[in-house]
Amino acid sequence: MELRLYDTLSRDKRVFAPIDPANVRMYVCGPTVYDFAHIGNARPVIVFDVLFRLLRHIYGESHVKYVRNITDVDDKINARAAERGIDIRELTEETYNNFKTDVAALGCLPPTVEPRATEHIEEMKAIIERLIASGHAYVAEDNVLFNVPSMTDYGQLSKRPMDEMIAGARVEVAPYKKDAQDFVLWKPSKAGEPGWPSPGGIKTPGRPGWHIECSAMSWKHLGETFDIHGGGIDLVFPHHENEIAQSRCAFHTKVMANTWMHNGFLQVEGEKMSKSLGNFITIRDVLKDWPGEVARFNMLKTHYRQPIDWTVKGLEGAEKTLKHWHEVTEGESSEFVSSSVLGALADDLNTPKAIAEIHALSGMAKTGDVDARIALGGTLQFLGFIRAPRIELIGEDYVGIDPASIQLLIEARSAARVKKDWKESDRIRDELAAMGVVLKDSKEGTTWEIAR
Ligand code: AMP
Ligand code: ZN
């Protein structure tokens with residue numbers, strides 16, 4: 001199957017050809033863990049989960065490596081931990097666990113690796129030392145700065161005029177900077193802030209800038225050059241532009257990633273989501289009112305590059321459609337994925353088209369076409385639309401249950417049932433029972449609840 005993806009760097013939809021089809025590598029910028037993720041943050045997670053599933057389908061599950069980082073060192077984290085009077089590690093751990101629970105409930109598979117910034121300080125320092133040695137970075141007042149004019153082709157991703165870039169970067173104007181555009185690779189830690197021994201011969205402890213984290217983690221887990229780099233459109237500049245500058249100058253490469261993908265922004269009921277407007281919604285808020293698969297479907301109704309308007313009306317429609325499809329499948333599942341749906345996804349993740357194809361499939365299944373019914377079940381499962389991980393919410397939080405592992409177990413059990421491996425499917429049911437999770441199989445699929 002030919003996969004075509006839109007590449008922000010070339011501004012073109014191109015045929016995707018991995019560097020090594022036996023090791024297809026994708027990096028997506030993950031959350032800064034200081035509070036519950038909002039529904040806008042869920043967009044890249046869901047979009048790149050669909051791409052991950054598609055790549056696994058095309059190249060084989062063990063041939064795709066998906067890295068999504070966790071930013072666990074940041075000003076917002078320091079401030080929040082101080083505000084709550086808790087340890088930084090306690091805050092980042094709690095927030096990361098909530099994030100994991102939320103995105104699993106949205107039907108997202110865990111990435112292959114979820115590296116933490118604080119566990120890659122050595123790699124960051126190694127890149128910084130290389131940049132200093134090659135004249136791309138310099139030390140000034142205990143900071144290390146990347147010297148933008150040292151890279152002759154800086155700015156290719158965002159293609160902005162220089163003056164706009166300077167304004168857009170909103171980088172601190174500091175007297176010690178050689179150039180207004182120069183950005184921070186490393187900065188001194190103030191009292192009470194996390195700090196590590198500094199690179200560049202700096203005597204006082206310091207901490208990394210945000211951009212260097214992703215250069216270090218992608219290098220460690222995917223190498224100097226890899227296939228796909230993704231994130232929200234707001235990250236094109238300065239974050240991704242600066243990641244490119246750091247990685248390419250440190251490793252003397254022509255590209256950091258061959259394909260750059262960016263999802264459009266999400267707004268709520270026609271307005272920009274913001275705390276001051278009172279329309280700020282977390283993923284957890286959504287999951288209290290809607291099954292995860294409904295939220296997932298609502299996100300995928302719009303093509304990932306378009307802006308999306310998140311509305312209750314949209315969620316209601318999504319719920320109706322999914323309920324209907326699940327009824328039509330009569331609980332049937334399979335490993336078969338509709339080729340017309342795959343074809344739509346292979347065209348730059350055209351999910352609205354894929355959904356139209358599922359409607360057509362469902363129409364055929366309703367007329368008694370058994371093959372269509374089986375394909376419908378398999379396709380819904382492939383896309384992560386499964387009723388199983390309906391989160392039972394009790395009070396403010398999930399009760400000691402990790403929906404991520406439940407989802408994986410239920411998917412494994414479905415796969416065993418498709419293969420008629422009843423021994424394995426019974427074993428998984430027992431394993432879930434031991435966790436206090438009861439499964440209910442019905443015509444519409446499998447649901448789960450917590451045993452009381
Ligand atoms: P942040 O935690 O703000 O760094 O964002 C994490 C990810 O969510 C990044 O890929 C952002 O581009 C993305 N993101 C943040 N806000 C939105 C939004 N309103 N719509 C879509 N994506 C967003
Ligand atoms: Zn990043």
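Which residues does arginine 25 touch, not counting residues up to four places away in sequence? The legends below, which describe a predicted model, take up this question and then turn to the zinc ion (ligand 2).

**View 1. The contacts of arginine 25 in strand β3**. Arginine 25 belongs to strand β3, which covers residues 24-28. Leaving aside residues up to four places away in sequence, arginine 25 touches Ile19, Lys65, Leu222, Thr225, Phe226, Asp227 and Ile228.

**View 2. Arginine 25, a buried residue that has no salt bridge**. The nearest side chain of opposite charge is that of aspartate 227, which is 4.2 Å away from arginine 25, whereas a salt bridge needs the side-chain nitrogen and the carboxyl oxygen to be within 4 Å. The side chain of arginine 25 does reach the backbone oxygen of leucine 222, at 2.7 Å, and a polar atom of this side chain lies 3.3 Å from the backbone oxygen of threonine 225.

**View 3. The four donors of the zinc ion (ligand 2)**. The zinc ion (ligand 2) is coordinated by Cys29 through SG, Cys214 through SG, His239 through NE2 and Glu243 through OE, at 2.1 to 2.4 Å. Because the angles that the four donor atoms subtend run from 75 to 129°, the arrangement is irregular.

**View 4. The zinc donors along the chain**. The donors of the zinc ion (ligand 2) follow the spacing C-x184-C-x24-H-x3-E. Cysteine 214 lies in helix α6 (residues 210-222) and glutamate 243 in helix α7 (residues 236-251), so the pair ties together parts that are 29 residues apart in sequence. Both cysteine 214 and glutamate 243 are buried.

Methods: Residues are numbered from 1 along each chain as its sequence is written. Chains are lettered from A and ligands numbered from 1 in the order in which they are written. This is a predicted model: local features need pLDDT of at least 70, side-chain atom pairs count only at pLDDT 80 or more; totals for chains, interfaces and linings use all residues. Side-chain values use heavy atoms; hydrogens and water are left out. Donors are N, O and S atoms within 2.8 Å of the metal (3.2 Å for Na, K and Ca); water is not among the atoms, so sites may look incomplete. Four donors count as tetrahedral if all angles lie between 85 and 135 degrees; four count as square planar and six as octahedral if opposite donors are over 155 degrees apart and all others between 65 and 115; anything else is irregular. Helices (H or I, at least four residues) and strands (E, at least two) are DSSP runs, numbered from the N terminus. Buried means under 20% relative accessible area, exposed over 50%, partly exposed in between (1.4 Å probe, protein chains only). Lys and Arg count as positive and Asp and Glu as negative; His and the chain ends are not counted. A polar contact is a pair of N or O atoms within 3.5 Å; within protein, one must be able to donate a hydrogen and the other to accept it, and residues adjacent in sequence count only if both atoms are side-chain atoms. Contact means heavy atoms within 4.5 Å.
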